[in-house]
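The exercises below are to be worked with the sequence and the 3D structure in view. Each task is followed by a solution in steps.

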Amino acid sequence: MIKEVNTTDTQAEKKITGFKILNYLILLAFFICGGPFLLAATLGITAIFIIPHILSTVLCPLFYEHFKKNGTKKTPLTICRLVSVLTFVIIYISPIIGAGFTNSSGMYLPKRQVFVYGVRTSANDVLPHKLPKNISEYYFRTGLQMPAQDYHPYADLLFRCGTESIDGLISEVENRGMKKTAEGSPEGFKDLFDGDEEYEKQIMSDKDSLVSVTCKYLDIPNAALYQLDTDSIRHFAEHGVSYGSGFQGCAFDREAGYAVYWG
């Protein structure tokens, strides 16, 4: 007696096998491509979304079985699929956003959110919640979490805007309770060289030295001003004002329209 083969079941088994193979390939690629390090790079965001992702992913096949057999559970199945895909995208795209888009001002808000919620929450008290209009010379670099000794995640933001915008930014940081820590002046910066014109000329001809002297004078990190040319750095030293110090803060050159944040 020849047993009748159920082609529907055979196709379903092939389909299930195909899904299993795809899942295995995704899992393999996850480890080969450094997936665990990617998840740790923005650990705060991973911690927020990993549990919803796991739960929705686990529930998907259960609701699918109900839908396949009884035609029920379609709504929760759709919701679980959406949550699973959305959380997956957020978790894996966050490190890409955090590491990239250094010169893309249109990506400031998502990049800021990635750093604040994924890397360092205290930066929320320093970085501006939105940028002024018509900015130029935009630069925003953020470091991610890394399992390395003596490494600390960082954020360096620099842009140029109008004087009125600078005044608004200064009012914003003062309203947050940040205190002025240093204020430059042409006379004060000149006094750093003790009248030694040769020493002053030497400092002014070397950008690294000028950055070091200026940042020490204004009590800001060296990395904050490296994107500027030497003339702009000196102008910042002679007219800049800084708030906060060390770990996080900001500085402004009102006349030139430069704003610098670090955190």
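**Exercise 1.** Is Ser-185 buried, partly exposed or exposed?

Solution. The model is a predicted one.
- Step 1: Find the residue. Ser-185 lies in the loop that runs between β3 (180–183) and α7 (186–191).
- Step 2: Read its relative accessible area, which is 24%.
- Step 3: Apply the cut-offs. Buried means under 20% and exposed means over 50%, with partly exposed in between. Ser-185 is therefore partly exposed, at 24%.
- Step 4: Look at its surroundings. Leaving out residues up to four places away in sequence, Ser-185 touches Tyr-217, Ala-237 and Glu-238. The C-alpha atom of Ser-185 is also 5.4 Å from that of His-239, although 54 residues separate the two along the chain.

**Exercise 2.** Classify Thr-42 as buried or exposed, and list what it touches.

Solution.
- Step 1: Thr-42 sits in the loop between α2 (35–41) and α3.
- Step 2: The relative accessibility of Thr-42 is 0%, so this residue counts as buried.
- Step 3: With neighbours within four places in sequence set aside, the contacts of Thr-42 are Ile-91, Ser-94, Pro-95, Val-114, Gly-118, Val-119 and Leu-144.
- Step 4: Set this beside the whole chain. Of its 263 residues, 36% are buried.

**Exercise 3.** How are α3 and α4 oriented relative to each other?

Solution.
- Step 1: Choose the quantities. Two packed helices are described by the angle between their axes and the distance between the axes.
- Step 2: Read them for this pair. Helix α3 (residues 43–70) packs against helix α4 (residues 74–99) at about 150°, and the axes are 7 Å apart.
- Step 3: Compare with the cut-off. An angle over 145 degrees counts as roughly antiparallel. α3 and α4 are therefore roughly antiparallel to each other.
- Step 4: Add the handedness: α3 passes α4 in a left-handed crossing.
- Step 5: Sort the residues of the contact by class. The contact of α3 with α4 has 16 nonpolar, seven polar and two charged residues.

**Exercise 4.** Repeat the analysis for α4 and α5. Which residues of the two helices meet?

Solution.
- Step 1: The axes of α4 and α5 come within 9 Å, crossing at roughly 110°.
- Step 2: The range from 65 to 115 degrees counts as roughly perpendicular. α4 and α5 are therefore roughly perpendicular to each other.
- Step 3: This crossing of α4 and α5 is left-handed.
- Step 4: From α4, Ser-94, Ile-97, Gly-98 and Ala-99 meet Pro-110, Lys-111 and Val-114 of α5.
- Step 5: By class, the contact of α4 with α5 comprises four nonpolar residues, two polar and one charged.

**Exercise 5.** Which elements each supply at least two residues to the largest nonpolar core?

Solution.
- Step 1: Recall the background. In soluble globular proteins, nonpolar side chains tend to be buried together.
- Step 2: Identify the core. The largest one has 27 residues, and those with the most contacts inside it are Leu-127, Leu-157, Phe-159, Leu-169, Tyr-243, Phe-252 and Tyr-261.
- Step 3: The elements asked for are α5 (108–118), β1 (136–142), β2 (155–160), α6 (163–175), β4 (240–245), β5 (248–253) and β6 (258–262). α6 gives the most, with four residues.
- Step 4: Take one member. Beyond residues up to four places away in sequence, Leu-127 touches Tyr-108, Arg-112, Phe-115, Phe-140, Leu-157, Arg-176 and Tyr-261.
- Step 5: Note the second, separate core of 21 residues, which includes Leu-158, Phe-189, Ile-233 and Ala-256.

Definitions and conventions:
Residues numbered from 1 in each chain as written. Predicted model: local features only at pLDDT ≥ 70, side-chain atom pairs only at ≥ 80, totals over all residues. Heavy atoms only, no water. Core = buried A, V, L, I, M, F, W, Y, C linked by side-chain atoms within 4.5 Å. Buried < 20%, exposed > 50% of the residue type's maximum accessible area, 1.4 Å probe, protein only. Contact = heavy atoms within 4.5 Å. Axes fitted to C-alpha atoms, helices over the stretch in contact; angles between N-to-C directions. Parallel < 35°, antiparallel > 145°, perpendicular 65-115°, else oblique. Left-handed = near helix turned anticlockwise from the far one by under 90°. Nonpolar A, V, L, I, M, F, W, Y, C, P; charged D, E, K, R; others polar.
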